[in-house]
Amino acid sequence: MAEHKKEIDQVTGVETTGHEWDGLKELNHPLPKWWLYMFYGSIVWSVIYWILMPSWPLVNGYTKGLLDYSQRAVATENFDVAAAERAETGKMLLEASLEEIRDTPELLEFAMAQGEVAFGDNCAPCHGTGATGFEGYPNLQDDSWIWGGDLDTLSTTISYGVRSEHDETRYAEMPAFGRDELLEKEEIVQVANYVGSIAGLPTQEGVDLEAGKVIYEENCAACHMENAKGDLETGSPNLTAPTYLYGKSVEDIIAQVNAPRHGVMPAWIDRLGETTVKSLAVYVHSLGGGQ
Amino acid sequence: MSSQVEPIDKEEDEAWFASAAKVYPMEVKGRFRKIKWAILFITLGIYYFTPFIRWDRGPLLPDQAVLVDFERKRGYFFFLEIWPQEVYYLTGLLIIAAVGLFLMNAIAGRLWCGYLCPQTVWTDLFFRVESMIEGDRRKRITLDKQPWNAEKILKKGTKHFLWLMIAWWTGGAWVLYFADAPTLVYDLATGQAAFSAYVWIGILTFTTYSLAGHMREQVCVYMCPWPRIQAALTDEHALNVTYRYDRGEPRGHLKESKKRIEEGLPAGDCIDCNQCFYACPTGVDIRKGAQLDCIQCGLCIDACDSIMTKVGKPTGLIAYDTDVNIERREKGEAAVYRLVRPRTVIYTVIILMIAGVMLYAQLNRSMTDLSVVHDRNPLYVQQSDGSFRNGYSLRLLNKHNNEQSFTLSVEDMPKGATLEVVGIHKNAADVTKDTQLSLSVDADTTRSVRALVFSPAGVEMPSSLPMSFKLVDTETGETTVISDFFRAPGK
């Protein structure tokens, strides 16, 4: 201990520690010894901890400790446990029909939660985190569908994709009326303006819409139907609402009739498995546009 | 802060760290001892036996009166049932407890420390066990000094065994508050209980045994923050266990004082018998005045009163009193006791106010609840007919013990707006596909649903329309209205 002259404070009769600040002296009220021993004990414990647990950083890596504890291993283990717990409900999901899932609150809640995560991981890059799509990537929120928006159709589309490499993929290809010289340039302008007019888009001036209508009935109605509402069976889009995939102007329609773009959606069934695809179908259906 | 076997007037030289001197409190009889026994029996009785009280809540819920159910996330206290989101009740209780401590302190000092604190109650019990086995103060000192022989081993062994049993029972009672008590007792006895139950019993056995058996007054003197806080809160009118030095001094043995009186010199009533010091469980000499170590248990009052009675002097040389009164008596004025002071009134008002708020909240506690979160992406979706759709995540809460059916509706939307809930079949008979539909929530749980609200086609919508969801309990009529907005691109 530091040497200091013993000094008794006159007022309290207590010995001072010898420390003095601006004339104020500190009284010595000693700590109990057990307090000191606890301090030594914690030092001893820290050494034991170093030996047992990962602690010291080294140049390459760190000291592993005798217990071989790793937070990463614990996390992986917890992940496996959670996956096993999910497997139970997943099995119920697998056995239930999509309608049953939607109408059973417990299964619906599970499917929605799983679907939301799977959507974020797999679908959001193209369809957007809010599923509102982008130009060329369909909006899944609205009620306008190319291949259909009921549960089973959604499930099929997600499973096999559109124009994908899967054998059961959905496939449709609109002829390139301009590039393949099936229609004259003027005819394309006429038909595009006619289509734009039924979708409520502003049309170009001086274009013969009646001629466009005739061209439509001869060339387009076979797939897009007489009433231009499209056909879900063949994946022919509805042309009466301005929910177009490739742009919302007459110029965009002209470009599409001239040389259509054909987007590709991958098949997910082999990658995600049936349970997740079911959850995705229920989730997408629940977004609000489901039929 | 020194705890010695004998009181000393002069502080001895102390090093930087001091060994804790063992305190050997003497057994006393008297008013305060009786009060302490009564409180000990009542509080420990409550602690050990409360988990076994039953309270019928119907077939689905536990019938334990006081239960913290971590697994199902519920707290039960007789007629009260607390959900996790209602922990503010606990906040209220803690505030009342804190202000209650302040009030006790303003009225009569460390009432909590001296009579009610678990550390005091268990230490008192352990002292009693010790003196039953080893005898009173003198015998215990002698026993500690004598070499280890069969008698010492037997006595010490028995004492520690009994201490451990009490400590073990303390830990055992603790875990019963967290599971069905009779079942858990059976499971514990047959080794089927959860591992954590045994761990907690072990932890509480250790803490009770070491704190009440070995640490004792060291807990109050060095570990507990309350002595410091209460020292800052006290005032000159708070009653405290006080040595009335105006009456006691100058102290002296009986013969000495007689001689002084014969010589016509002043002589106090204190005969310097040290009984007050011997009785003290924290090793304090109360005659040195108010001090941090004193837990104000009143045992020195009992010790002094019995001596005063024996020597034929009035009792109350040590008593609950204030420094103000000592000074007044010295001046020949009458003692004053001011129980009603600004601080006691303010503390009481705070306690009553918080208790009132809690009571009001409890009486008006909702049995159902609804939370609404609007979709953030997208805020709205345009339908092919030009109308707009907004999506909401709803959580319905049913605190009833049975499945409850509700009517969910949207209010303040333009005529023709519709409401849908995902999972509720559009063609089902109970759905009007209008702004109202019915759905049920299972007993004592919540249900999350996705709600879709559609604006009518052909109606121009502002960018943000205030509207609300209304949830009506079809049985009780309890209504919850949550305001939100309907978004559209607007103008």
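The following questions and answers go through chain B of a predicted model.

Student: What is the mean pLDDT of chain B, and where does the pLDDT stay under 50?

Tutor: In chain B, 95% of the residues reach a pLDDT of 70 or more, and the mean is 88. Residues 1-6 of chain B have a pLDDT below 50, although the model gives this stretch 26 contacts beyond near neighbours in sequence. Where pLDDT is low, the predicted coordinates should not be read in detail. The pLDDT also stays under 50 over a stretch with 11 contacts beyond four places in sequence, namely residues 8-14 of chain B.

Student: Which strands are the edge strands of the sheet E2-E3-E4 in chain B?

Tutor: Three strands of chain B make up this open sheet in the order E2-E3-E4, with antiparallel pairing. An edge strand here pairs on one side only, and this holds for strand E2 (66-69) and strand E4 (80-82) of chain B.

Student: Which residue of E3(B) stands opposite Val66(B)?

Tutor: E2(B) runs antiparallel to strand E3 (residues 74-77) of chain B, and four bridges join them. Opposite Val66(B), in E3(B), stands Phe77(B).

Student: By how much are neighbouring strands of the open sheet E12-E10-E14-E15 in chain B turned from one to the next?

Tutor: This open sheet has four strands in chain B, and the pairing is antiparallel. Its edges are strand E12 (436-441) and strand E15 (479-487) of chain B, each paired on one side only. From one strand to the next, the twist averages 25°.

Student: What is the bridge partner of Ser409(B) in E12(B)?

Tutor: Strand E10 (residues 404-411) of chain B and E12(B) are antiparallel and joined by six bridges. For Ser409(B), the bridge partner in E12(B) is Gln436(B).

Student: How many cavities of 30 Å³ or more does the structure hold, and what is the volume of the largest cavity?

Tutor: Rolling a probe the size of a water molecule over the atoms shows where empty space is left. With a cut-off of 30 Å³ or more, the structure holds six cavities. The largest cavity has a volume of about 260 Å³.

Student: Which helix supplies the largest share of the lining of the largest cavity?

Tutor: The lining has 23 residues, and those nearest the centre of the cavity are Pro25(B), Asp124(B), Phe127(B), Pro281(B) and Leu299(B). At least two lining residues come from each of helix H1 (31-49), helix H4 (118-134) and helix H9 (217-223) of chain B. The largest share is seven residues, and it comes from H4(B).

Student: How many residues of the lining of the largest cavity are charged?

Tutor: The lining residues fall into three classes, with 10 of them nonpolar and five polar. The charged residues of the lining number eight.

Student: Where are the prolines Pro250(B) and Pro378(B), which follow cis peptide bonds, found?

Tutor: Most residues other than glycine have a negative phi, and most peptide bonds are trans. The bond from Glu249(B) to Pro250(B) is cis with omega near -10°, and the bond from Asn377(B) to Pro378(B) is cis with omega near 0°. Pro250(B) is found in the loop between helix H11 (245-248) and helix H12 (254-262) of chain B. Pro378(B) lies in the loop between strand E7 (368-374) and strand E8 (381-382) of chain B.

Student: What is the phi of Asn274(B)?

Tutor: Asn274(B) lies in the loop between H12 and helix H13 (275-279) of chain B. Asn274(B) is a residue other than glycine, yet its phi is positive, near 65°.

Terms used
Residues numbered from 1 in each chain as written. Chains lettered and ligands numbered in written order. Predicted model: local features only at pLDDT ≥ 70, side-chain atom pairs only at ≥ 80, totals over all residues. Heavy atoms only, no water. pLDDT = per-residue confidence, 0-100. Contact = heavy atoms within 4.5 Å. Pairing = 2+ DSSP bridges. 1 Å grid on protein atoms, 1.4 Å probe; cavity = no way out; pocket = protein on both sides within 12 Å on 5 of 7 lines; lining within 4 Å. Points joined across faces, edges and corners; volume = space filled by probe spheres on them. Nonpolar A, V, L, I, M, F, W, Y, C, P; charged D, E, K, R; others polar. Axes fitted to C-alpha atoms, helices over the stretch in contact; angles between N-to-C directions.
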